[in-house]
Amino acid sequence: MKGNGRHQEGQIFRKGNGWYLRYRESEYQPDGSLKRVQKCKKLAEYGGAYRTKSAVRVLADEFLAPLNNGTTTVDSSMSLTDFIEKRYLPYIKEHKAPSTYAGYKNLWSLYLKERATLPLREYRTCECEDMLLEIARAHDTAKETIKRVKSFLSGTFRYAKRQGVLNTENPMWDTVIPECREGEETYAYSLNEILRMLELVPEPAATMIAVAGFGGLRSGELRGLQVENYDGDSIFVAQSAWRSQVKKVKTKASKAPVPVISQLAALLDAHLETMGSPTSGFMFPNAVGKPIGMQRVADDIIRPALKDSGIEWHGWHALRRGLATNLHGLGVPDKITQLILRHSNVSVTQSCYIKTVDSQAVEAMRKLECATSVQLAKAQRQKAPEVLLPRVM
């Protein structure tokens, strides 16, 4: 719904030391109906260049222009809360993975709902940045959490633009993440740790660890993995399971086949043999044939098996990060690692998944030390004074 349907000049008046504008616009009411309401906006302090109504008229016309020319829509008068709950979250539920929807709902309820009270169109970069700062201070959140909140809000305003609700730039674009505590560093399992876990952990958890550590499947993809998705040479990731929901993966990158190394193939083949060599169904079912519970496997099988081994359980995603780090350590180009992990962008692989382990850091510094020594020696030779030989008479 575009504009407010009528041109207005508003009423300028002075009250105390301020100039104000009285105007009207249509707004959504709590029951969803539209109502023409009178509103008041402070335009400027009295004095200086603003001593007369005619001087203030320029400010009034500038403020009313979006209402009069249709740049401001009636829909943009709804509160950010209403837009997120009635439009944006339903859109996310329909088009994104269930786990993504659940994560967005948690961010919304924990950090944003009580603060998203202004009309959608009144949010500027300064209001958005103040909101991020308030969240960081009130909840002592880690920087990564604030980044996710910023991403959530940016997606909200971007969706509002795509729907024609907003015709202005995204107010989140220029916001700056406030100073807040750094989160804990994520973990990536080394190849030796993964191999040691395969020795200590019983089946089928050991094979699940191998699929995550050598194939890089996400937790939900591992739960949703079907027997028919494995052909002996590769795993085709077709669906993901989250809680009781099993849905097809939606992005083209996620659907790419995953090469299977011989060691992983041997484990998968042996696992299928113990199941009676089925040709269909979940690769790792629970007792009633549904996707196995990943947290239960970790708590009931993996953690007890690793007790006193010196290896701590850091979660399924640490195995996926481990694959990225191990491939990087073996000299595999990051672009190839991106394809194996099925990321849409290589920067995600580089910034979030490849972890420089201690041995790699030491080796890198040794190379720097060697290169520095060579350059210093070269520089010293260039600075050495030329030695003049005595002339032979």
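Is Cys 180 buried or exposed? Select Cys 180 to begin: its relative accessibility is 17%, and since buried means under 20%, Cys 180 counts as buried. Now add Cys 40 to the selection; with a relative accessibility of 47%, Cys 40 counts as partly exposed. While you have cysteines on screen, there is no need to hunt for disulfides, as the count comes to 0. Keep in mind throughout that this is a predicted model.

**The whole protein**

Zoom out and switch to a cartoon view. The protein has 14 helices and 7 strands. It comprises 393 residues, and 39% of them are buried. About 22,900 Å² is exposed, with carbon and sulfur atoms supplying 52% of that area. Of the contacts between residues at least 6 apart in sequence, 61% join residues at least 24 apart.

**Stop 1: the sheet β1-β2-β3**

Select residues 11-15, 18-28 and 34-45, which are β1, β2 and β3. These 3 strands make an open sheet in the order β1-β2-β3, with antiparallel pairing. The edge strands are β1 and β3, each of which pairs on one side only. Look along the sheet to see its twist, which averages 35° from one strand to the next.

Now focus on β2 and β3. These antiparallel strands are joined by 11 bridges. Pick Trp 19 and you will find Ala 44 of β3 standing opposite. Then pick Tyr 28, whose bridge partner in β3 is Leu 34. The two strands form a hairpin with 5 residues between them. In that turn, click on Gly 32, where phi is positive at about 95°.

Next, show residues 53-69, helix α1. This helix lies across β1, β2 and β3, and runs at about 15° to β2.

**Stop 2: Thr 117 and its contacts**

Go to Thr 117, in the loop between α3 (98-112) and α4 (125-139). Thr 117 has a relative accessible area of 57%, so it is exposed. Show side chains around it: apart from residues up to four places away in sequence, Thr 117 touches Ser 79, Thr 81 and Tyr 123. Try a distance label between the C-alpha atoms of Thr 117 and Thr 81; these residues are 36 apart along the chain, and the separation is 6.3 Å.

**Stop 3: Asn 229 and the β5-β6 hairpin**

Move on to Asn 229, which sits in the loop between α8 (219-224) and β4 (234-236). Unlike a loop residue with an exposed label, this one is covered: at 11% relative accessibility, Asn 229 counts as buried. Which residues is Asn 229 in contact with, leaving aside neighbours within four places in sequence? They are Gly 224, Ser 234, Ile 235, Phe 236, Ala 238 and Gln 239.

Follow that last contact, Gln 239, into strand β5 (residues 239-242). Here the side chains alternate. Gln 239 and Ala 241 point to one face and are buried, while Ser 240 and Trp 242 point to the other and are not. Add residues 245-248 for strand β6, which runs antiparallel to β5 and is joined to it by 4 bridges. Opposite Ser 240 you will see Lys 247 in β6. This pair of strands forms a hairpin with 2 residues between them. One residue to click in the turn is Arg 243, which has a positive phi of about 55°.

**Stop 4: helix α11 and Gln 338**

Select residues 317-329, helix α11. At 1.5 Å a residue, its 13 residues should span 18 Å, and the end C-alpha atoms are 18 Å apart, which agrees. Switch on a surface for the surroundings: 10 of the 13 residues are buried, so α11 is largely enclosed by the rest of the structure. Among the buried residues are Arg 320, Arg 321, Thr 325 and Asn 326, along with Leu 319, Leu 323 and Leu 327. Just beyond the helix, check Gly 331, whose phi is positive, near 90°.

Finish with Gln 338, in helix α12 (residues 334-341). Its relative accessibility is 4%, so Gln 338 counts as buried. For a last distance label, join the C-alpha atoms of Gln 338 and Ala 324: they are 8.2 Å apart, with these positions 14 residues apart along the chain.

Key: Residues are numbered from 1 along each chain as its sequence is written. This is a predicted model: local features need pLDDT of at least 70, side-chain atom pairs count only at pLDDT 80 or more; totals for chains, interfaces and linings use all residues. Side-chain values use heavy atoms; hydrogens and water are left out. Two strands pair if DSSP finds at least two bridges between them. Axes are lines fitted to C-alpha atoms, for helices over the stretch in contact, and angles run from 0 to 180 degrees between N-to-C directions. Contact means heavy atoms within 4.5 Å. The expected span of a helix is 1.5 Å times one less than its number of residues. Buried means under 20% relative accessible area, exposed over 50%, partly exposed in between (1.4 Å probe, protein chains only). A disulfide is a pair of cysteine sulfur atoms within 2.5 Å. Accessible areas come from the Shrake-Rupley method with a 1.4 Å probe; for residues, only the protein chains shown count as cover.
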